[in-house]
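Here are my notes on this model, set out as numbered points. I hope they are handy to keep beside the viewer while you look around.

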Amino acid sequence: MSRRWFFANLAIMIAVGGAVLSTRPPRYNLLILTVESWRADSLRPEVMPNVLAAARQGRLFTNHRAISAWTIPNIVSLLTGLSPFDQGIHRRGDSLPPDPERPLVRLAREGWLVRGLQAFMHVEGFSNLGTVVEDGQELEPWLARRALDRKPFVLWYHYLGTHLPYAPDPEFRPDWQALLQPSDAAARDRIETVIRQPVIPAGSVAFQPSDAAAIAALHTGAYRQFDAWFGRLWQFLDDSGLAANTIIVLTADHADEHLERGNVGHASTNHAGHLHEELVRVPLVLWLPPGHPDSRAEGVETAPTDHLQVMPSLDRLVSGRRDEAGGLLNPDPARPWIALTSRGGYSDPGADDTFIAARIEGHRKRMIRVVDGRLADSSLYDLTADPDERHPLDTQADGMEPKLVAAVRGMVPPRGPTPVEAGVAVAEAPEWIWPHPGPLSHADLAGRYRLEWTGREGGHYRIEYQAGEGAMQFSGSMDVDGTVKDFGSIDAAYWRTFIVPYGVVRTRVGSGGAWSDWLEVRLQP
């Protein structure tokens, strides 16, 4: 049975069912696709022909910005509409408190199936958004089941293949060595770091300006690979009939730096967060199904928009209403943009003494750095005359600086994770059950992506962990009730790309001052 034959018949079944149910008010599906580290300047015909061809059927936003320099605050804003100043999410381990009126929580209560499919969505920062994580599920089969069961859904799916390391598959990988200076013997080693490591802290590699072309080419290869993936998904949505009643959003969490300020990556990968345009300018495309009240909103939108506008607009559109003034489809050109990031993002909780905030009014952009609550630096740029922000203006006379200082000083402080219900403290030191010390490969895990230890059922435990060495060092803690910490499903590609590079992981678990021995595992592909 061919795939096209299957989906043609599936579309007939959906059409017949739709005729029977046509008296019901519209309840549109919502598919939110976010792409990791996706720069706006990559949206070119020679790089992303599939995305641009599809965009002609929707609305392309050419002046869209993220609101932070790392993933979690941006995703939280996308899925809630909350400003980064109001989230309290500034470092690894921070999370939102529960709120029954968050848009996705309310949609779930009203009958939408609200889901995520990827194991990393279990991290604390994504809790209380309203999504239930069904990790380990493949995207297209999951969507095919939704086409058959006809229950309205909201799905957030995050494409990870464009994150560091920039290591596209061979068919998409450029001849990056041809872009290096022949006289620079160390250039190859520097670029191979970009191909191997998910984190390249500022100052850990002595990049040269001449490396920028190879770095950009490798990331462009990853973007080309994403475009091919998107082309297949777009065809699937059409073949399955889902395109007929699904609102689709395609955007990025944030972008990445390609040596514009001397580094590669973003706050969580280089520990040197900022809010310059190369990090915050990202693509956004919105598709509405035929018959939606705003379905004639195709075309190009050049007015400024940002992540804070996405969920308020989607909340209206998914219920079959028109967007309001100030929303994505009716943006206010005079609306200011505001953003906030911590210096280190997810990877460096110790950097939460430093915050960078920015504001745009008209064509001027103000960026400040606040250290321990005090203004340490302030810059003003004219984005029309200086779009790359290379030449700060001498004049400091504008009202944006005091607004930003007040916003930083009044922001919600780091919240820490939502506390688990207090279990019973235990006095006897736990002992590890799984995994065993020594080498550990993805095959060795055999689907057991969890930590297990002895102890009292319902006991309250704290896990401490250390990963990597030197520039790749990573540490933290988490609280757990019970004797298992389950990480969901981890596929082999994620294991190989984002876990194995840390080399060694050490962890211990304790309660009431009684700690297990440190468990050390050596990570292998």
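1. Pro 435 sits in the loop between strand E17 (432–434) and strand E18 (438–440), and the peptide bond that leads into Pro 435 from Trp 434 is cis, with omega near 0°. Helices (H or I, at least four residues) and strands (E, at least two) are DSSP runs, numbered from the N terminus. Residues are numbered from 1 along each chain as its sequence is written. Please keep in mind that this is a predicted model, where local features need pLDDT of at least 70, side-chain atom pairs count only at pLDDT 80 or more, and totals for chains, interfaces and linings use all residues, while side-chain values use heavy atoms, with hydrogens and water left out.

2. A cis peptide bond also joins Leu 164 and Pro 165, with omega about -5°. Pro 165 belongs to the loop between E6 and H7. While you are looking at loops, do check Arg 150, which has a positive phi of about 65° although it is not a glycine. Arg 150 is placed in the loop between H6 and E6.

3. Next, the packing of H6 on H8. Helix H6 (residues 139–149) and helix H8 (residues 212–240) pack at an angle of about 15°, their axes 11 Å apart; the axes are lines fitted to C-alpha atoms, for helices over the stretch in contact, and angles run from 0 to 180 degrees between N-to-C directions. H6 and H8 are therefore roughly parallel to each other (angles under 35 degrees count as roughly parallel, over 145 as roughly antiparallel, 65 to 115 as roughly perpendicular and the rest as oblique). H6 passes H8 in a right-handed crossing, meaning that the near helix is turned clockwise from the far one by less than a right angle.

4. Which residues of H6 and H8 make the contact (heavy atoms within 4.5 Å)? From H6 come Leu 139, Glu 140, Leu 143, Ala 144 and Ala 147, and from H8 come Trp 229, Arg 232, Leu 233, Phe 236, Leu 237 and Ser 240. By class, the residues of this contact of H6 with H8 are eight nonpolar, one polar and two charged. Here Ala, Val, Leu, Ile, Met, Phe, Trp, Tyr, Cys and Pro count as nonpolar, Asp, Glu, Lys and Arg as charged, and the others, Gly among them, as polar.

5. H8 also packs with helix H7 (residues 187–196), at an angle of about 25° and with axes 10 Å apart. That makes H7 roughly parallel to H8. Ile 191, Val 194 and Ile 195 of H7 meet Ala 214, Ile 215 and Leu 218 of H8. The contact of H7 with H8 has six nonpolar, no polar and no charged residues. H7 passes H8 in a right-handed crossing.

6. H8 turns up once more at the second largest pocket, where H8 gives the most to the lining, with six residues. A pocket, on a 1 Å grid over the protein atoms alone, is an open set of points with protein on both sides within 12 Å along at least five of seven lines, and lining residues have an atom within 4 Å of a point. About 1200 Å³ of space lies in the second largest pocket. Of its 41 lining residues, Leu 160, Gly 161, Asp 491, Ala 493 and Tyr 494 are the closest to its centre. The elements that give two or more residues to this lining are H6, strand E6 (153–159), H8 and helix H14 (492–499).

Notes
Contact = heavy atoms within 4.5 Å. 1 Å grid on protein atoms, 1.4 Å probe; cavity = no way out; pocket = protein on both sides within 12 Å on 5 of 7 lines; lining within 4 Å. Points joined across faces, edges and corners; volume = space filled by probe spheres on them.
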